[in-house]
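Trainee: Got a minute? I'd like to walk through this one with you.
Mentor: Sure, pull it up and ask away.

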Amino acid sequence: MTAPESLSLAQARRVALAAQGFADPPPVGLPTRRHLRRVLDRVGLIQVDSVNVLQRAHYLPLYSRLGPYPTTLLDAAAYRRPRELFEYWGHEASLVPVGLHAALRWRMAKARDEAWGGMRRIAQEQPELVAWVRDEVAARGPLTAAEIEHDAPRETGNWGWNWSTVKRALEFLFWAGEVTAADRTPSFARRYDLPERVLPAAALDAPTPTDAEAHRALVAIAARSLGVAAEPELRDYFRLPVAGARRAVAELVEAGELTPVTVEGWRHPAYLHAAARLPRWVRGNTLVSPFDPLVWERGRTERLFGFAYRIEIYVPAPQRVHGYYVLPFLQGERFTARVDLKADRKAGVLLVPAAWAEPGVDAGETAVALAAELHRLAGWLGLSAVAPPAAGDLAVPLAAALRSVAGVP
């Protein structure tokens with residue numbers, strides 16, 4: 001598109017949705033590696049999270065853009081040769097294209113200063129343990145932390161995780177790029193190995209850019225994936241340092257890759273990527289993960305969609321407003337509902353603890369669209385039924401729509 005000086009809010013929404021792949025045509029037939037690559041090109045990286053109340057977080061962004069797809073596609077790209085993705089700290093724990101290994105070495109080099117406190121302390125206070133753990137991985141990898149545990153005392157880590165000293169040493173080595181994830185166990189534990197035994201030689205042999213070059217490359221990817229964004233959001237995509245990201249934005253503007261624009265209702269200056277598209281409309285109905293890059297930056301989500309959203313996993317149950325694991329429902333260009341979901345795998349049922357409509361929507365129309373999407377999601381998850389919602393202001397019309405989709409009077 002020809003870069004304008006300003007965008008209406010509706011235009012900015014469509015630019016953002018197109019940049020994230022929501023305006024791409026759906027696959028005809030079963031999605032393939034080609035479709036997976038198209039999504040990866042749109043989103044730049046995929047966040048990983050251990051919560052499995054519905055489905056592992058890294059599988060959901062592809063579902064939201066491709067519909068039901070074989071999750072083995074992503075498993076193969078991340079954990080089988082020839083690898084296209086590797087685990088590292090991108091936007092939190094992430095699956096990142098192997099071609100970005102060089103652009104993330106600045107973060108690896110700063111592990112002793114910037115890794116989380118427990119990791120830094122192990123490296124500073126017990127360097128002999130860190131060396132021993134690395135030697136164990138080199139000699140016997142791939143290994144989980146449990147497979148090389150020794151008799152060091154366990155300590156309690158963040159969010160109730162029990163991280164032993166060996167686990168902290170492994171995570172420091174992972175941050176420093178000295179070990180990487182070979183794959184994951186069925187329980188989602190990392191199996192660590194040396195990068196040279198896991199990653200493609202071309203990725204490891206690529207020249208290391210300067211920090212400024214790396215920051216510029218990562219901001220460019222963020223800008224392409226967001227379409228239009230303010231500087232804090234461009235920085236947040238790969239969790240970049242403030243000064244480095246601002247310098248990168250200025251250099252990309254000078255190079256013509258980014259164009260400053262104003263967006264209706266935004267206080268902060270915005271930047272439009274040169275490859276941004278403005279479709280006439282965005283169609284389709286899909287659920288979006290709490291960890292989807294479309295909604296990573298909650299302030300931008302609210303400015304773009306008028307949708308105030310937060311994940312309430314860590315909120316005490318009595319204080320939750322919408323539920324434990326709530327997914328926004330994207331209906332065309334708007335978020336029209338949010339639904340708390342849980343997969344009861346033993347019973348084969350998709351549970352709906354609560355469903356809520358957004359202000360001003362047609363509840364009946366939204367309920368019909370959401371019911372169809374819930375049945376589609378359940379089928380992808382291998383579940384045979386969708387339970388009626390237990391609570392929420394959309395519960396009654398959604399229950400009726402679910403009965404209609406299931407063919408129940």
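Trainee: Let's start with one residue. What does His215 touch, leaving out residues up to four places away in sequence?
Mentor: His215 touches Trp106, Leu240, Pro241, Gly244 and Ala248, with those sequence neighbours left out. Keep in mind that this is a predicted model.

Trainee: Okay. Is His215 buried or exposed?
Mentor: Buried, because its relative accessibility is 6% and the cut-off for buried is under 20%.

Trainee: And which helix is His215 found in?
Mentor: His215 is in helix H11, which covers residues 211-226.

Trainee: How do the axes of H11 and H13 cross?
Mentor: They come within 8 Å and cross at roughly 70°. H11 and H13 therefore count as roughly perpendicular to each other, since the range for that label is 65 to 115 degrees.

Trainee: Which residues make that contact?
Mentor: On the H11 side you have Ala212, His215, Arg216, Val219 and Ala220. H13 brings Gly244, Ala245, Arg247, Ala248, Val249, Glu251 and Leu252. So you've met His215 again, as part of this contact.

Trainee: Which strands does H11 lie across?
Mentor: H11 lies across E9, E10 and strand E11, which is 270-273, and it runs at about 85° to E11. Helix H13, residues 242-254, packs on the sheet as well, touching E10 and E11. The direction of H13 makes about 105° with that of E10.

Trainee: What's the strand order in that sheet?
Mentor: It's an open sheet of four strands in the order E1-E10-E11-E9, with mixed pairing. Its edge strands are E1 (6-7) and E9 (228-230), and each of them pairs on one side only.

Trainee: In what sense do E1 and E10 pair?
Mentor: They pair in the parallel sense, over two bridges, and E10 covers residues 258-263. If you want a spot to click on, Leu7 stands opposite Val263 in E10.

Trainee: Now the three-strand sheet. What's the order there?
Mentor: That open sheet goes E2-E4-E3, and the pairing is antiparallel. Strand E2 (46-47) and strand E3 (85-90) are the edges, each pairing on one side only.

Trainee: How many bridges do E2 and E4 pair over?
Mentor: Two, in the antiparallel sense. Look for Ile46, whose bridge partner in E4 is Leu95.

Trainee: Which helix lies across E2, E3 and E4?
Mentor: Helix H4, residues 72-79, and it runs at about 80° to E3.

Trainee: I clicked on Glu92. Where is it placed?
Mentor: Glu92 is in strand E4, residues 92-97. At 31% relative accessibility, Glu92 counts as partly exposed. Not counting residues up to four places away in sequence, Glu92 touches Gln47, Trp116 and Arg239.

Trainee: Switching topic: how many aromatic pairs does the structure hold?
Mentor: There are 12 aromatic pairs. One of them is Tyr63 with Trp380, a stacked pair at 4.7 Å centre to centre with 25° between the planes.

Trainee: Which parts of the chain does that pair link?
Mentor: Distant parts: Tyr63 is in helix H3 (residues 60-66) and Trp380 is in helix H15 (residues 363-380), 317 residues apart. Tyr63 counts as buried because its relative accessibility is 0%. Trp380 also counts as buried, at 14%.

Trainee: Can you give me another stacked pair?
Mentor: Try Phe86 and Tyr88, at 6.4 Å centre to centre and 20° between the planes. Both Phe86 and Tyr88 are buried.

Trainee: And which residues form the aromatic cluster?
Mentor: Phe305, Phe307, Tyr309 and Phe335 form one cluster together.

Trainee: What sits over the ring of Trp266?
Mentor: The charged end of Arg303, 4.2 Å from the ring centre. You can also look at Arg190, which lies over the face of Phe174 at 4.0 Å from the ring centre.

Trainee: Last one. At what angle do the axes of H7 and H9 cross?
Mentor: Roughly 95°, with the axes of H7 (residues 117-125) and H9 (residues 165-175) coming within 8 Å. That makes H7 and H9 roughly perpendicular to each other. Gly118, Met119, Ile122 and Ala123 of H7 make the contact with Thr165, Arg168, Ala169, Glu171, Phe172 and Trp175 of H9.

How values were computed. Residues numbered from 1 in each chain as written. Predicted model: local features only at pLDDT ≥ 70, side-chain atom pairs only at ≥ 80, totals over all residues. Heavy atoms only, no water. Pairing = 2+ DSSP bridges. Contact = heavy atoms within 4.5 Å. Axes fitted to C-alpha atoms, helices over the stretch in contact; angles between N-to-C directions. Phe/Tyr/Trp six-rings, centres within 6.5 Å; stacked < 30°, edge-to-face > 60°. Buried < 20%, exposed > 50% of the residue type's maximum accessible area, 1.4 Å probe, protein only. Lys NZ or Arg CZ within 6 Å of the ring centre and 35° of its normal. Parallel < 35°, antiparallel > 145°, perpendicular 65-115°, else oblique.
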